[in-house]
Protein chains: 2
Amino acid sequence: MLPEPIQQCIDAFSRLPGIGPKTAARLTFFLLRTQEGDLSIKLADALTNLLTGTDTCPDCFNMMSSNQERCRVCSNSERDQGIICVVEEPLDVAALERTSGYQGLYHVLHGALSPVEGIVPEDLKIKELLDRVQRGEIKEVIIATNPSMEGDATGMYMQQQLEAYDLKVTRLARGLPMGGDLEYADQNTLLRALMGRQEME
Amino acid sequence: MLPEPIQQCIDAFSRLPGIGPKTAARLTFFLLRTQEGDLSIKLADALTNLLTGTDTCPDCFNMMSSNQERCRVCSNSERDQGIICVVEEPLDVAALERTSGYQGLYHVLHGALSPVEGIVPEDLKIKELLDRVQRGEIKEVIIATNPSMEGDATGMYMQQQLEAYDLKVTRLARGLPMGGDLEYADQNTLLRALMGRQEME
């Protein structure tokens with residue numbers, strides 16, 4: 001019923017996660033109607049440039065512009081070259097960078113172990129992490145996988161693999177989130193907060 | 001922190017309604033990671049084609065492909081040329097067409113009167129509706145604006161304007177939605193259902 005160009009746009013939007021046909025139609029008609037007439041063109045340009053304009057860093061596998069040789073963190077000689085923080089996804093790097101509390105390097109696994117989804121160690125950048133460690137300059141590996149079943153399993157696996165090397169393996173603290181309410185904390189979080197309680201000085 | 005091509009894509013997605021920076025980032029990284037490698041290109045093509053490939057029908061102002069002279073409904077001589085159904089948006093036409101229960105023509109207002117948003121009759125295609133009626137072939141105008149304050153006000157305004165012509169003005173029935181539960185129907189809907197009760201035959 002709808003004209004071909006509109007239907008094609010709705011179909012393409014619908015293939016994105018969390019966007020059903022109704023939302024896709026709403027987005028398409030918003031673009032048709034909006035006063036910012038160039039928004040659909042700007043989005044089209046950004047999408048065209050998305051795959052060709054980006055690449056993964058050969059060292060840490062974080063995303064970088066394809067005209068760079070290494071990502072901004074790896075190419076910054078002021079960062080502590082002795083610590084690697086291992087995360088699942090590039091967005092986790094962005095989240096950690098926003099804290100301004102970490103000055104070391106990163107390593108992006110691009111996923112987590114998951115027997116259900118059939119993701120095994122070879123699907124992740126774990127071998128590449130061990131290669132980096134083997135070169136000998138790394139003093140500490142911080143495991144910053146998600147606090148989920150998959151993230152924990154991936155962390156445990158890496159810890160076993162890293163035991164062979166002379167370095168410290170740590171992981172992010174588990175406990176009550178800031179601004180949270182103890183009353184509403186789930187059982188597991190509260191248990192972890194109790195187990196990991198720290199002496200006050 | 002993120003590479004330029006990724007940030008640009010996130011920024012463009014964020015300008016769409018209902019999509020915040022977090023959802024925009026999720027969509028962008030989905031496009032980077034998905035196995036359907038051509039999805040970002042397909043979406044980009046569809047967006048590029050969206051404005052240039054579409055136009056409004058000169059008769060009813062519904063959307064049509066820009067290579068057509070009139071929309072599919074207006075150019076179909078089998079449709080009843082004596083009835084016009086007036087709706088607010090092109091998607092309303094699509095919804096009515098899906099019912100397969102209407103064989104007349106349409107007229108798309110492209111909005112509804114709204115003092116709050118400063119939308120006055122001249123902003124809508126109301127004059128164009130009166131022009132169509134004036135040509136004399138129309139026997140009935142069905143007002144199918146949304147059952148909201150703005151939709152009702154727009155309907156009332158059009159009814160007044162149409163009084164000068166010799167034709168029937170009707171509007172869509174108000175009442176209980178199908179599959180609904182009387183217990184959960186809101187007061188207004190129930191009142192309308194009572195007022196508009198129909199004799200059983």
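How much space lies in the largest cavity? In this predicted model, the largest cavity holds about 60 Å³ of space, and the legends below take that cavity together with the pockets, the symmetry axis and several local sites.

**Figure 1. The largest cavity, lined by residues of chain A and chain B.** A search of the whole structure finds 3 cavities of 30 Å³ or more, and the largest cavity, with about 60 Å³ of space, is shown here. From chain A, the lining takes in A:Met1, A:Leu2 and A:Pro3, while from chain B it takes in B:Asn62, B:Met63, B:Met64, B:Ser65, B:Gln68, B:Cys71 and B:Arg72. Sorted by class, these lining residues comprise 6 nonpolar, 3 polar and 1 charged.

**Figure 2. The largest pocket, with A:Arg33 and residues of chain B nearest its centre.** The largest pocket encloses about 500 Å³ of space and has a lining of 22 residues, among which A:Arg33, B:Glu89, B:Leu109, B:His110 and B:Gly111 lie nearest the centre. Two or more lining residues are given by each of two elements, namely α2 (21–33) of chain A and β1 (54–56) of chain B. Of these, α2(A) supplies the largest share of the lining, 3 residues. The class composition of the lining of the largest pocket is 8 nonpolar, 6 polar and 8 charged residues.

**Figure 3. The second largest pocket, with residues of chain B nearest its centre.** The volume of the second largest pocket is about 360 Å³, and 17 residues line it, with B:Ala144, B:Thr145, B:Pro147, B:Leu172 and B:Ala173 lying nearest its centre. Helix α4 (residues 90–98) of chain B contributes the most to this lining, with 3 residues. Counted by class, the lining of the second largest pocket has 10 nonpolar, 4 polar and 3 charged residues.

**Figure 4. The axis that relates chain A to chain B.** A turn of 180° with a shift of 0.0 Å along the axis lays chain A on chain B with an RMSD of 0.1 Å. Because of this turn and shift, the relation is that of a two-fold axis. Within chain A, the C-alpha nearest the axis belongs to A:Ala44, at 2.0 Å from it. Both copies use the same surface, since 100% of the contact residues of chain A recur in chain B.

**Figure 5. Helix α4 of chain B and the elements that cover its buried residues.** The buried residues of α4(B) are B:Pro90, B:Asp92, B:Val93, B:Ala94, B:Leu96 and B:Glu97. Their cover includes β2 (63–65), β3 (83–87) and β4 (105–108) of chain B, and α2 of chain A is also part of it. Just after α4(B), B:Ser100 adopts a positive phi of about 55°.

**Figure 6. Helix α4 of chain A and the elements that cover its buried residues.** In helix α4 (residues 90–98) of chain A, the residues A:Pro90, A:Asp92, A:Val93, A:Ala94, A:Leu96 and A:Glu97 are buried. What covers them includes α2 (21–33) of chain B, along with β2 (63–65), β3 (83–87) and β4 (105–108) of chain A. A:Ser100, just after α4(A), has a positive phi of about 55°.

**Figure 7. B:Gln8 in helix α1 of chain B.** Helix α1 (residues 4–14) of chain B contains B:Gln8, which counts as partly exposed because its relative accessibility is 36%. When neighbours within four places in sequence are left aside, B:Gln8 is in contact with A:Ala46 and A:Asn49. B:Gln8 stands 58 residues from B:Ser66 in sequence, and the two C-alpha atoms are 30 Å apart in space.

**Figure 8. A:Ala185 in the loop between β6 and α7 of chain A.** The loop that holds A:Ala185 runs between β6 (168–171) and α7 (187–195) of chain A. Apart from its neighbours within four places in sequence, A:Ala185 is in contact with A:Leu176 and A:Leu190. A distance of 9.6 Å separates the C-alpha atoms of A:Ala185 and A:Gly175, which are 10 residues apart along the chain.

**Figure 9. The two domains of chain A.** Chain A is divided into domain 1, covering 7–52, and domain 2, covering 55–171. The C-alpha centres of domain 1 of chain A and domain 2 of chain A are 33 Å apart.

Methods
Residues are numbered from 1 along each chain as its sequence is written. Chains are lettered from A and ligands numbered from 1 in the order in which they are written. This is a predicted model: local features need pLDDT of at least 70, side-chain atom pairs count only at pLDDT 80 or more; totals for chains, interfaces and linings use all residues. Side-chain values use heavy atoms; hydrogens and water are left out. Domain bounds come from an automatic or database domain assignment. On a 1 Å grid over the protein atoms alone, a cavity is a set of points where a 1.4 Å probe fits but cannot get out, and a pocket is an open set with protein on both sides within 12 Å along at least five of seven lines; lining residues have an atom within 4 Å of a point. Grid points are joined across faces, edges and corners, and a volume is the space filled by probe spheres set on the points. Helices (H or I, at least four residues) and strands (E, at least two) are DSSP runs, numbered from the N terminus. Ala, Val, Leu, Ile, Met, Phe, Trp, Tyr, Cys and Pro count as nonpolar, Asp, Glu, Lys and Arg as charged, and the others, Gly among them, as polar. Copies are superposed by least squares on the C-alpha atoms of residues with pLDDT of at least 70 in both. Contact means heavy atoms within 4.5 Å. Buried means under 20% relative accessible area, exposed over 50%, partly exposed in between (1.4 Å probe, protein chains only).
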